[in-house]
Amino acid sequence: MLDTAIDLLRGRRIAVLTGAGISTDSGIPDYRGEGAPKRTPMQFDTFLSSVDARRRYWAGSHLGWQRFASVHPNEGHRALAHMEEAGIITGIATQNVDDLHERAGSTTVTHVHGQLHTVSCLDCGTRFDRHRIADEIERLNPWIRLPEQVRLQPDGDVEIDPSQRFEVPPCPVCGGILKPDVVFFGEIVPPRVFAEARDIIAAGDAVLVAGSSLVVNSGTRLLEVARRADVPIVIVNRGETKWDARAAVRVEGGTSETLTAMAEALVAPF
Ligand SMILES: [Zn+2]
């Protein structure tokens with residue numbers, strides 16, 4: 001199936017949609033993948049209404065963000081960056097909140113579900129660099145240390161014991177509620193962000209899905225754009241996806257080895 005996929009993609013402008021599966025080889029677990037721990041994600045309503053929920057979320061998110069900073073892009077990220085540099089990729093719409101595509105060298109990347117590197121105030125709308133807020137967290141909570149075994153989640157959260165002592169910094173401008181710029185469950189993707197992702201997909205005359213089981217609504221909405229335009233969809237994933245029946249080609253396999261093989265075939269010399 002890999003050869004069929006390569007034949008189909010050759011000579012086309014490729015739009016890319018990536019999910020958690022592309023970051024698993026960097027050590028970030030896919031919470032929909034096999035063996036993933038069951039957990040309840042933070043709901044936006046809960047975050048808004050409960051001080052304790054915000055404490056728990058921020059404590060976990062802070063430790064998770066520190067872990068994210070220590071992981072590195074893998075072969076799959078690098079293969080896509082290489083294809084973009086060669087001019088055959090229109091851009092990447094990713095469901096991931098990590099910045100591994102950017103660190104691999106990709107430049108046209110839209111984070112459909114937001115990203116962890118900035119924090120916004122829900123009251124005044126000011127946006128802050130995550131490092132500034134992280135420094136404030138460590139000033140308020142000098143005891144906080146990365147535990148030996150923290151279970152890192154793809155949304156940057158971790159499972160830790162709730163700590164009543166954890167203090168969440170307020171917005172430095174207005175004292176309001178701070179939230180990382182990730183889209184929570186129960187929260188809609190901002191229309192501007194979705195429009196950017198849709199433009200990336202619409203610019204391709206083939207769509208390559210890498211490492212997503214396509215169960216999240218945003219992925220389905222983006223692929224509908226391709227389907228309506230009769231643009232062929234190639235899916236690379238370990239395990240079934242919701243769009244297998246509608247894909248032109250479906251490659252069962254890991255993204256690191258598959259995307260590397262594709263880049264080698266489509267961009268010469270690699
Ligand atoms: Zn504010």
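**Zinc site and helix crossing**

C171 is buried, its relative accessible area being 3%, and in this predicted model the SG atom of C171 is among the protein donors of the zinc ion. The donors are C121 (SG), C124 (SG), C171 (SG) and C174 (SG), which lie 2.3 to 2.4 Å from the zinc ion. Because the angles subtended by the 4 donor atoms around the zinc ion run from 103 to 115°, the arrangement is tetrahedral.

Along the sequence, the donor residues of the zinc ion follow the spacing C-x2-C-x46-C-x2-C. Distant parts of the chain are thereby linked by the pair C121 and C174, which stand 53 residues apart, C121 in strand 4 (residues 114-121) and C174 in the loop between strand 7 (158-159) and strand 8 (178-182). With regard to accessibility, C121 is buried, with a relative accessible area of 3%, whereas C174 has a relative accessibility of 41% and therefore counts as partly exposed, a class that lies between the buried limit of under 20% and the exposed limit of over 50%. As for bonds between cysteines, the structure holds 0 disulfides.

Elsewhere in the chain, helix 7 (residues 191-202) and helix 8 (residues 217-228) have axes that come within 9 Å and cross at roughly 40°. At this angle helix 7 is oblique to helix 8, since angles under 35 degrees would count as roughly parallel and those of 65 to 115 as roughly perpendicular. The crossing of helix 7 and helix 8 is right-handed.

Note on methods: Residues are numbered from 1 along each chain as its sequence is written. This is a predicted model: local features need pLDDT of at least 70, side-chain atom pairs count only at pLDDT 80 or more; totals for chains, interfaces and linings use all residues. Side-chain values use heavy atoms; hydrogens and water are left out. Donors are N, O and S atoms within 2.8 Å of the metal (3.2 Å for Na, K and Ca); water is not among the atoms, so sites may look incomplete. Four donors count as tetrahedral if all angles lie between 85 and 135 degrees; four count as square planar and six as octahedral if opposite donors are over 155 degrees apart and all others between 65 and 115; anything else is irregular. Helices (H or I, at least four residues) and strands (E, at least two) are DSSP runs, numbered from the N terminus. Buried means under 20% relative accessible area, exposed over 50%, partly exposed in between (1.4 Å probe, protein chains only). A disulfide is a pair of cysteine sulfur atoms within 2.5 Å. Axes are lines fitted to C-alpha atoms, for helices over the stretch in contact, and angles run from 0 to 180 degrees between N-to-C directions. Angles under 35 degrees count as roughly parallel, over 145 as roughly antiparallel, 65 to 115 as roughly perpendicular and the rest as oblique. A crossing is left-handed if the near helix is turned anticlockwise from the far one by less than a right angle, and right-handed if clockwise.
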